[in-house]
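Biologist: I should like to learn how to read strand pairing and pockets in a model. Could we take the strands before the pockets?

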Amino acid sequence: MLNFLRFWFILQLFGLVAMPLAWRLFAHLPDRGYTFSKPLGLLAAGYVLWLGASLGVLRNNAGGAVLAMALVLLLGVWLGRAGLHAGEDGERPLIAFFKQRWRLVLTSELLFLLAMAAWAFFRAYNPDIAGTEKPMEFAFLNGILASPQFPPHDPWLAGYGISYYYFGYVQLNMLVQLSGVIPGVAFNLGLAAIFALTVLGAFGLGYNLVAGDTKPARGLRAGLYGGLSALFVAVMGNLEVILEVLRTRGLLTPGLQKFFDIKDLGNAPVTGSWRPEQFWWWWRASRTIHDYNFSGTANQEVIDEFPMFSFLLGDMHPHVLALPFVLLTIALALNLFRRPTPELAPVPDSQGEETAWVQGIVRDWRSAGRCVVAGFGLDGWGLPIYGMALGALGFLNTWDFPIYLFLVTLVYALRRGFDGVRRDAHFWREIIITFVGLFLIGFIAYLPFYVSFSSQAGGILPNLYNPTRFAQFFLMFGPFLVATIALLGVALRRHPPQRASLASWGLTVLLLPLLFLFAIIIFGGINPGLRHLVERTLGQPVSTVIPHLLSLRLQTPFTWLVVGGLLTLIAVLAMQVWSKSEKRPSRHLVFVLALLFTALLLTYGVEFVYLRDSFGTRMNTVFKFYYQAWVLMAVASAYALHYIHTRASASTRYAIMIVMTLLVLGGLLYPAFAIPSKANNFQGDPTLDGAHFVAVYRPDEAAVIQWLRQNTPLDAVIVEATGGSYTDFDTISAHSGRATLLGWGGHELQWRGTYDIPGQREPEIETLYRNQDRTAVRLIVAKYGIDYLIVGPREIDKYKIPPNRLSAFEPTWEPVFIDGSTTVYRWRGG
């Protein structure tokens with residue numbers, strides 16, 4: 001309980017420190033950014049600490065974190081100084097805000113506290129940092145805690161920095177440093193905090209969208225729509241759970257099972273109960289999309305996680321750590337969209353000997369640049385702050401940076417439509433400056449990270465033969481699709497589009513992607529490079545595949561047609577912002593259309609292309625794109641229900657609400673059944689210490705970890721047996737933060753795009769444990785600066801060290817700690 005309160009209190013401090021900045025930055029939102037102040041404080045202070053530690057001017061410790069928070073507070077006080085000075089009535093605007101919106105403040109804080117407490121309670125019944133990728137994430141956290149300056153050392157590849165998007169772990173590291181909570185407990189409290197921040201951020205978006213609408217919801221009703229947004233984003237699961245329930249009950253017919261084609265669902269036992277009981281049955285919801293190879297004879301893994309699955313699984317992965325900051329960025333986009341653009345004086349001609357033509361170009365681009373800078377506000381600081389917030393997404397979860405860069409640019413463009421700016425050359429100059437400016441700021445602000453970052457990404461490949469079946473797509477996004485269709489139906493009746501615009505957008509959206517794919521195939525028969533790509537991807541000659549590809553696309557056209565059709569309708573509706581009609585859509589409707597357009601475009605894109613990586617399929621692209629599509633569609637759906645409630649006829653409203661209620665209840669079956677299943681029905685002794693299981697089941701390893709933490713320098717290099725990914729090898733390095741020669745080699749391949757270094761180190765580690773060639777051992781120790789060698793049951797078993805060989809270590813290695821069957825040796829030469 002005390003650990004929870006300390007952690008919660010530090011999070012409150014981050015929110016308080018950032019409140020002056022939030023009050024000014026979110027000046028055009030009804031809540032003035034209060035619901036986003038905590039992630040804003042974490043992001044801003046985390047950036048200051050990371051940059052200072054990267055440049056050598058700050059140390060990664062509690063003092064460095066306090067100084068970073070102080071700098072954020074000073075920045076906020078300076079930028080928000082107008083809110084801190086007394087007005088004509090003698091009251092400070094920031095204080096007046098708290099007096100006027102105290103119900104919102106109290107509701108937000110209660111929601112945050114209850115969400116964090118509830119998820120901490122859940123984590124206490126399944127706390128172990130074991131299985132899936134939790135050991136990797138714990139290794140990152142401990143590696144950062146053991147790094148006084150950055151880049152932090154990679155605890156699973158001694159001598160190298162972490163080559164991964166690790167900003168979220170830097171922020172958790174700050175919470176550990178300031179709260180004094182041990183890392184094993186902080187891991188689970190961190191998951192609870194991320195869940196609570198996600199709930200609060202989604203609530204804030206829903207609240208601001210309906211409270212600031214042209215037909216606003218006030219007070220309790222606004223809070224209810226905010227709650228719906230939080231429910232959709234963070235709590236609800238997808239509809240695959242309905243199939244799980246029907247299968248367990250014995251009501252899922254073979255025909256339905258074949259129709260939906262959920263991988264391994266047929267292996268689930270039929271018990272006659274309504275409650276699924278198979279071990280980890282809830283995992284299948286994250287594998288709803290089911291791909292096959294070109295011949296249809298083998299499965300291809302596809303990941304389609306959603307936030308509740310992620311929180312349930314308990315992996316502290318970057319896409320989870322980034323969630324509160326994704327919602328923060330969406331809020332920034334909404335604030336930008338609501339901000340009126342000031343009138344600017346014309347830009348004078350530049351002086352000098354340039355020709356009139358050059359002067360005209362310079363004047364035009366300067367004018368566009370001034371409009372962009374003024375449009376982001378904050379006396380010129382808005383554009384850099386937005387760029388840094390977007391850039392943080394690249395450091396948190398790199399896939400998110402281009403997605404939300406696109407969204408913010410799209411929002412800026414649509415806002416200029418509301419401002420009456422025509423889509424002429426000046427407009428497009430503004431859009432180019434916005435996109436390029438935000439990208440450059442976001443990239444340069446985090447340049448030290450990119451300098452040390454390697455990636456497995458290898459370009460874009462066409463998705464030639466795996467169109468998503470609509471039945472599976474609907475299981476994934478069903479409630480949101482219905483909300484989107486209903487929203488568009490009501491909005492299009494109020495704002496009917498021109499037929500010519502509808503036809504041109506429809507042809508563009510629906511036909512261009514197909515033409516792209518078939519152009520690749522056709523030209524593949526002509527161009528040797530393309531032919532090699534197609535044949536390598538499909539495993540068959542180009543001449544034999546065209547009929548089969550046509551057949552595949554024609555047999556499963558509905559995702560392409562439905563999503564393409566929705567994109568078309570959204571586009572023609574949003575484009576009406578350039579209409580001078582009084583009946584053009586409201587600002588908040590258009591903003592939500594931008595959210596939906598971005599989300600659906602992500603799901604549409606993976607029908608035709610995917611990012612090439614070490615997996616060789618579209619698995620990771622679907623994973624990353626669908627995850628953000630879920631967040632965007634969830635927020636938009638909450639507003640859609642408000643829009644329908646305030647604009648549709650009574651019969652339409654009731655029909656939509658009944659359908660949506662049934663679908664949402666179906667999605668809520670997932671947390672209702674999965675949470676107790678994952679928590680073992682809340683049986684056993686609760687603890688938040690995720691490392692406690694090591695002390696229970698492997699006490700000698702736990703003793704070694706404790707000894708290393710207390711008796712070795714932070715940069716000590718150890719060697720322990722290396723094992724494959726997803727194993728319990730390399731526990732000592734992961735839990736102590738002391739770098740080992742090699743941890744999970746397969747993951748190092750994913751992070752660095754090459755196996756050269758792990759492949760070189762594996763035989764060297766074996767040489768150390770074989771300990772037969774003293775000269776080779778001495779050279780390896782000198783090469784890597786090895787300080788300690790761990791010899792325990794795992795090492796003895798893997799490297800087949802006979803008992804009579806253990807004494808052979810002592811001429812060159814000095815035993816410095818022994819607990820049970822595990823010995824820590826220190827290098828002493830010889």
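Biologist: Which residue of S7 is the bridge partner of Ile718?

Modeller: The model is a predicted one. Ile718 has Tyr788 as its bridge partner in S7. Ile718 belongs to strand S5, residues 717-719, which runs parallel to S7 and is joined to S7 by two bridges.

Biologist: In which sense do S7 and S9 pair, parallel or antiparallel?

Modeller: S7 and strand S9, residues 822-827, pair in the antiparallel sense, over four bridges. Tyr788 takes part here too, with Arg826 as its bridge partner in S9.

Biologist: How should one read the two faces of S7, residues 788-791, and which residues lie on each side?

Modeller: In a regular strand, side chains alternate between the two faces of the sheet. In S7, Tyr788 and Ile790 lie on one side, with Leu789 and Val791 on the other. All four are buried, so that both faces of the strand are covered.

Biologist: Let us turn to pockets. What is the volume of the second largest pocket?

Modeller: The general idea is that rolling a probe the size of a water molecule over the atoms shows where empty space is left. Here, the second largest pocket has a volume of about 700 Å³. Its lining comprises 29 residues, of which Tyr125, Asn126, Pro127, Lys678 and Asn680 are the closest to the centre.

Biologist: Which helices supply at least two residues of that lining?

Modeller: Helix H28 (650-678) and helix H29 (692-697) each do so. H29 provides the largest share, four residues.

Biologist: How do the lining residues divide by character?

Modeller: The lining of this pocket has 13 nonpolar, nine polar and seven charged residues.

Notes
Residues numbered from 1 in each chain as written. Predicted model: local features only at pLDDT ≥ 70, side-chain atom pairs only at ≥ 80, totals over all residues. Heavy atoms only, no water. 1 Å grid on protein atoms, 1.4 Å probe; cavity = no way out; pocket = protein on both sides within 12 Å on 5 of 7 lines; lining within 4 Å. Points joined across faces, edges and corners; volume = space filled by probe spheres on them. Nonpolar A, V, L, I, M, F, W, Y, C, P; charged D, E, K, R; others polar. Buried < 20%, exposed > 50% of the residue type's maximum accessible area, 1.4 Å probe, protein only. Pairing = 2+ DSSP bridges.
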